[in-house]
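Trainee: Here is the next model to go through. Can we begin with the aromatic residues?

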Amino acid sequence: MEPKVGIGIFARNAAGQFIWGKRKGSHGAGTWAVPGGHLEFGESFENCAERELLEETGMHIKNLRFLTAVNNVFEKEQKHYVTVFMGGTVDDGVQPQNLEPEKCEAWEWTSWDKLRTYRDAQMDSGPAFAGRQLFLPLLNLFEQRPDFYI
């Protein structure tokens, strides 16, 4: 099975917070992730990020740029993805809508420092962790790119 390409979007507001939501109906259900999806044939990273963010949240992104990429092997699901993280800004005061409720429970704003706190709690607690579990690409972002910061 060949790896697939996923796109994750750090859509930030003027305060530097970004949106994330709790996944459902797909691999990684129950974990928290930034908006994103599959790169379609012939699509650029930028176009995919714009499309996925708009489809999932109704938000438009600007100042879009490549951030980094991570390698993810989902052992249980027997899936392999390369996740390309893109970042940009959204207009201040604009709130995300949950336009795909079958895929996400709700969107909310968080900060990089809070994300790191959730990651540390998850790693310290192991498999029995009952808090906000991060989607594998976000966990791998900390592991594979320890100096990364949005």
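Mentor: This is a predicted model. Start with two side chains, Phe74 and Phe135, which are both buried.

Trainee: How are the rings of Phe74 and Phe135 arranged, stacked, tilted or edge-to-face?

Mentor: The search of the whole structure finds eleven aromatic pairs. In the pair of Phe74 and Phe135, the centres are 5.5 Å apart and the planes make 35°. An angle under 30 degrees would count as stacked and one over 60 as edge-to-face. The pair is therefore neither of these, but tilted.

Trainee: Which residue lies over the face of Phe135?

Mentor: Phe135 is in the loop between H2 and H3, 61 residues from Phe74 in strand E5. At 3.9 Å from the ring centre of Phe135 lies Arg23.

Trainee: What kind of pair do Trp112 and Tyr149 form?

Mentor: Trp112 belongs to helix H2 and Tyr149 to the segment after H3, 37 residues apart. Their ring centres are 6.0 Å apart and the planes are at 80°, so the pair is edge-to-face.

Trainee: Is Tyr149 buried or exposed?

Mentor: Its partner Trp112 has a relative accessible area of 4%, so Trp112 is buried. For Tyr149 the value is 54%, and the cut-off for exposed is over 50%. Tyr149 is therefore exposed.

Trainee: Which residue of helix H1 is in the nonpolar surface patch with Val5, Phe66 and Val82?

Mentor: The patch covers about 290 Å². One of its residues is partly exposed, with a relative accessible area of 33%, and has its place in helix H1 (residues 45–57). That residue is Phe45.

Methods: Residues are numbered from 1 along each chain as its sequence is written. This is a predicted model: local features need pLDDT of at least 70, side-chain atom pairs count only at pLDDT 80 or more; totals for chains, interfaces and linings use all residues. Side-chain values use heavy atoms; hydrogens and water are left out. Patches are made of residues with over 30% relative accessible area and no salt bridge: like charges are joined within 9 Å, nonpolar side chains (Val, Leu, Ile, Met, Phe, Trp, Tyr) within 5 Å. Accessible areas come from the Shrake-Rupley method with a 1.4 Å probe; for residues, only the protein chains shown count as cover. A salt bridge is a side-chain nitrogen of Lys or Arg within 4 Å of a carboxyl oxygen of Asp or Glu. Helices (H or I, at least four residues) and strands (E, at least two) are DSSP runs, numbered from the N terminus. Buried means under 20% relative accessible area, exposed over 50%, partly exposed in between (1.4 Å probe, protein chains only). Rings of Phe, Tyr and Trp (its six-membered ring) pair if their centres lie within 6.5 Å; planes under 30 degrees apart count as stacked, over 60 as edge-to-face and the rest as tilted. A charge sits over a ring if NZ of Lys or CZ of Arg is within 6 Å of the ring centre and within 35 degrees of the ring normal.
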